[in-house]
Amino acid sequence: MRDFQNRVVVVTGGASGIGKAIATRFAKAGAHVVIADIEEAPLQAAAEELGAVGIRTDVSSLASVYALRDAVLERFGAVHLLCNNAGVGGAGMAVDLTVKDWQWVLGVNLWGVIHGIDAFLPTLMAQAEAHIVNTASIAGLIAYPRIPIHYNASKYAVVGISETLKGELAETNVGVSVLCPGFVRTNIRESQRNRPTELRNEKRNERGRAMDAAVVAQLSIPVIQPDEVAALVYDAVVADRFWIFTHPELMAAVEDRYAGVLSDAKAIGWAPS
Ligand SMILES: NC(=O)c1ccc[n+]([C@@H]2O[C@H](COP(=O)([O-])OP(=O)(O)OC[C@H]3O[C@@H](n4cnc5c(N)ncnc54)[C@H](O)[C@@H]3O)[C@@H](O)[C@H]2O)c1
């Protein structure tokens, strides 16, 4: 898709960070932008700032995402680009996590994407041209030391969903991209702000919080700005490119992962042919 003038773009998690930057980029290109977010005040502020429509949405709730779709269709009658971007960052080692931690992180990062696809795919397929961008992470391709297990699980799933979708939609008018950022300067480390009361732990996981900071401190890769990511997303949608990476520094780790897969296969004589 090259021309975004008067096209309808929906960005979940669009009140902050990467989502807000994506919304800004497509608004600049002339699109009607709808930002959907759970956090009311930043949502209204961002909508005003961008001249976008802000619709309060909890992506972990199917009913809420259906209500978003219905509101967008009522207002604009179409959706051309869906960015399933809302996400939260968890913290903690597997041994310290509770089921509530898993439910919260998978509820937003994985079920949010599933709900987006469920609600919007028929509408996207009804357009002459459309595109879906799912925000995963580089943590959807590599299990970096100390990236929390539930976050990793959610992002591997989003990569898998996106790859399947790309294959299924190959002969259609709907393009698919998966965004796999490294570290980006956003509010993700404050994700607990949006955690529902019923999914909170009784005791705050201090060890987990400390490790979250340690992940960033340990890895010597640059932390980039959201607008740099948004520019890459824009280019990928225009070019109908599937993979969207943000950090060349992390590509060696991706290579290592697949080298590890192949080396264990080769060890039992299964050389790729
Ligand atoms: N920042 C990074 O370094 C980084 C790296 C890789 C991937 N990501 C991914 O990028 C995406 C955007 O995160 P960000 O870094 O911009 O963080 P952010 O916290 O700045 O923005 C996330 C937005 O999602 C919203 N949100 C949270 N729960 C929601 C829910 N249930 N329903 C609707 N909206 C909800 C938040 O209110 C917020 O506006 C996430 O999927 C995240 O996993 C971020």
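Visitor: Where is Asp 240 in this structure?

Guide: Asp 240 sits in the loop between helix 8 and strand 7 (243-245). Keep in mind that this is a predicted model.

Visitor: Why is Asp 240 called partly exposed?

Guide: Its relative accessibility is 39%. Buried means under 20% and exposed means over 50%, with partly exposed in between, so Asp 240 counts as partly exposed.

Visitor: What makes the phi of Asp 240 worth pointing out?

Guide: Most residues other than glycine have a negative phi. Asp 240 isn't a glycine, yet its phi is positive, near 50°. Asn 6 also isn't a glycine, and it has a positive phi of about 65°. You'll find Asn 6 in the segment before strand 1 (8-12).

Visitor: Why are helix 1 and helix 8 called oblique to each other?

Guide: Look at the angle. The axes of helix 1 (residues 17-28) and helix 8 (residues 226-239) cross at roughly 55° and come within 8 Å. Angles under 35 degrees count as roughly parallel, and 65 to 115 as roughly perpendicular. The crossing of roughly 55° fits neither range, so the two helices are oblique to each other. As for handedness, helix 1 passes helix 8 in a right-handed crossing.

Visitor: Which residues make that contact?

Guide: On helix 1 they include Ile 18, Ala 21 and Phe 26, and on helix 8 they include Val 229, Val 233 and Tyr 234.

Visitor: How do the residues of the contact divide into nonpolar, polar and charged?

Guide: There are 10 nonpolar, 1 polar and 2 charged residues in the contact of helix 1 with helix 8. Gly counts as polar here, and Gly 17 of helix 1 is one of the contact residues.

Technical notes
Residues are numbered from 1 along each chain as its sequence is written. This is a predicted model: local features need pLDDT of at least 70, side-chain atom pairs count only at pLDDT 80 or more; totals for chains, interfaces and linings use all residues. Side-chain values use heavy atoms; hydrogens and water are left out. Axes are lines fitted to C-alpha atoms, for helices over the stretch in contact, and angles run from 0 to 180 degrees between N-to-C directions. Helices (H or I, at least four residues) and strands (E, at least two) are DSSP runs, numbered from the N terminus. Angles under 35 degrees count as roughly parallel, over 145 as roughly antiparallel, 65 to 115 as roughly perpendicular and the rest as oblique. A crossing is left-handed if the near helix is turned anticlockwise from the far one by less than a right angle, and right-handed if clockwise. Contact means heavy atoms within 4.5 Å. Buried means under 20% relative accessible area, exposed over 50%, partly exposed in between (1.4 Å probe, protein chains only).
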